[in-house]
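Me: I'm new to this one and would like to go through it slowly. Could you put it up so we can talk it over?

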Amino acid sequence: MEIGTIYLVGAGPGDPDLLTVRAARLIERAEVIVHDGLVSRDILAMARPDAQLISVAKQRSKHTLPQDQINALLVREAKAGRDVVRLKGGDPLIFGRGGEEAEDARAAGVAVEIVPGISAANGAAAAAQIALTHRDASSVVSFVAGQCKGLSDQDWTGLAGKGRTLVIYMGVKTAPQIAEKLMADGLAPDMPLAVVENAARPEMRVLRGPLAALPDLVTREAVKSPALIVIGEVTAREDAAIAHFAVEAHQ
Ligand code: SAH
């Protein structure tokens, strides 16, 4: 019997229109789809009616399947002769553990193909019209993970500030520690930021404020995951664009 292939596929930020053509084709023909909680229902609805959908949703407080068991599940399915689509929110190789799954699959002798997806940072930037780089405002963009584990050990010095954009994934719960850490590193309390919740989904919210007000903003607006925190001058430009547009629209 022939061994199946494991496809690590990026599902993008949620809107099915933001899938790559390759991802859409693989989802539509898959017999087995192993997916995360971040993959939207609209995307899962593209699967064949007889496809087997296996959720391995991971939440901060609740792990339905530990990572090594996910890896083992993928290898088992492939060795049973099935092609497996491992569907992940955003891009599989950005905070998606795609690297670990690919390593385990290769070690088990199973072929892996990786299909890139639009990462939350790109999806949020486009949907909220925030340029991650801009000739007048930013020539560096960094992606960091803001979850609790190891946060204080991470060295973010120089990643945020004038002429730079910092995008923080998984930072909602730790927003107070993040604001404190960045200001301790010398970032101005009035550095502008945007929180983009549910980027590229119908319920998207874009909230803005200065760095020092981040913890209050997250509490007051009851920001929920998935959300990104984008820090830098680029986040302060869109208000101007909207104001300009509003004036034009009224003429
Ligand atoms: N591989 C994914 C990231 C997974 S980590 C990617 O490339 O996008 C999970 C984090 O991604 C969430 O905590 C959140 O910070 C971010 N995220 C994912 N989808 C998002 C969305 N639609 N809107 C805002 N943030 C999102």
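Me: Which residues form the negative surface patch?
Reply: The negative patch on the surface is formed by Asp-68, Glu-100, Glu-103 and Asp-104; patch residues have over 30% relative accessible area and no salt bridge, with like charges joined within 9 Å. This is a predicted model, in which local features need pLDDT of at least 70 and side-chain atom pairs count only at pLDDT 80 or more, while totals for chains, interfaces and linings use all residues. Residues are numbered from 1 along each chain as its sequence is written, and side-chain values use heavy atoms, leaving out hydrogens and water.

Me: Which helix gives the largest share of that patch?
Reply: Helix α4 (residues 98-107) does, with three residues, whereas Asp-68 sits in helix α3 (residues 67-79).

Me: And is Asp-68 buried or exposed?
Reply: Asp-68 has a relative accessible area of 54%, so it counts as exposed (exposed is over 50%, buried under 20%, partly exposed in between, with a 1.4 Å probe and protein chains only).

Me: Switching topic, where is Gly-150?
Reply: Gly-150 lies in the loop between β6 (140-145) and β7 (164-169), and at 32% relative accessibility Gly-150 is partly exposed.

Me: What about the whole chain, how many helices and strands are there?
Reply: The chain has eight helices and 10 strands, counted as DSSP runs (helices H or I, at least four residues; strands E, at least two). Its radius of gyration, taken over C-alpha atoms, is 20 Å, close to the 18 Å that the globule rule gives for 251 residues, so the chain is as compact as a globular protein of that length; that rule is 2.2 Å times the number of residues to the power 0.38.

Key: Patch = residues over 30% accessible without salt bridge, like charges linked within 9 Å, V, L, I, M, F, W, Y side chains within 5 Å. Areas by Shrake-Rupley, 256 points an atom, 1.4 Å probe, with all protein chains shown as cover. Salt bridge = Lys/Arg side-chain N within 4 Å of Asp/Glu carboxyl O. Lys, Arg positive; Asp, Glu negative; His and termini not counted. Charge placed at Lys NZ, Arg CZ, Asp CG, Glu CD.
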